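Here's a quick briefing to read with the model open beside you. Have a look at the fold first, then come back for the numbers.

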Amino acid sequence: MHAARVAMRNALLALDEAISHGEPLDPAFRRLIHTEITGTREEAALLTARLTTIA
């Protein structure tokens with residue numbers, strides 16, 4: 001789980017760096033990123049709810 005979180009963080013940092021250097025983002029790629037982030041938030045909410053019921 002930690003490795004996945006670190007990989008996602010590194011990918012987002014690389015994306016941020018590319019954007020800050022003026023690299024254009026294809027609209028389809030931008031939509032894909034938005035979809036992935038939204039899905040990750042939903043999954044995180046479900047995992048959080050599951051973890052709080054375990055304790």
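What follows runs from the whole chain down to a few single residues.

Keep in mind that this is a predicted model. The chain has 2 helices and 0 strands. Its radius of gyration is 14 Å, well over the 10 Å that the globule rule gives for 55 residues, so the chain is more spread out than a compact globule.

**Overall dimensions and surface**
- Taken along the principal axes, the C-alpha atoms fit a box of roughly 45 × 20 × 15 Å.
- Just 5% of the 55 residues count as buried.
- About 5000 Å² of the chain is exposed, and carbon and sulfur atoms supply 64% of that area.

**Charges**
- On the charge side, you've got 6 positive and 7 negative side chains.
- The centres of those two sets sit 7 Å apart.

**Helix 1 and what comes after**
- Helix 1 covers residues 2-20, which makes 19 residues.
- At 1.5 Å a residue, helix 1 should span 27 Å, and its end C-alpha atoms are indeed 27 Å apart, so the two values agree.
- Just after helix 1, Gly22 takes a positive phi of about 85°.

**Thr40 in helix 2**
- Helix 2 takes in residues 27-54, and Thr40 is part of it.
- Thr40 has 35% relative accessibility; that's between the 20% and 50% cut-offs, so Thr40 counts as partly exposed.
- A polar atom of the Thr40 side chain lies 2.8 Å from the backbone oxygen of Glu36.

**Arg41 in helix 2**
- Arg41 also has its place in helix 2.
- With 58% relative accessibility, which is over the 50% cut-off, Arg41 counts as exposed.
- Arg41 and Arg9 are 32 residues apart in sequence, and their C-alpha atoms are 14 Å apart in space.

Technical notes:
Residues numbered from 1 in each chain as written. Predicted model: local features only at pLDDT ≥ 70, side-chain atom pairs only at ≥ 80, totals over all residues. Heavy atoms only, no water. Helix = DSSP H or I, 4+ residues; strand = E, 2+ residues; numbered from the N terminus. Rg over C-alpha atoms; globule rule 2.2 N^0.38 Å. Buried < 20%, exposed > 50% of the residue type's maximum accessible area, 1.4 Å probe, protein only. Areas by Shrake-Rupley, 256 points an atom, 1.4 Å probe, with all protein chains shown as cover. Lys, Arg positive; Asp, Glu negative; His and termini not counted. Charge placed at Lys NZ, Arg CZ, Asp CG, Glu CD. Expected span 1.5 Å × (residues − 1). Polar contact = N/O pair within 3.5 Å; in protein donor to acceptor, adjacent residues only side chain to side chain.
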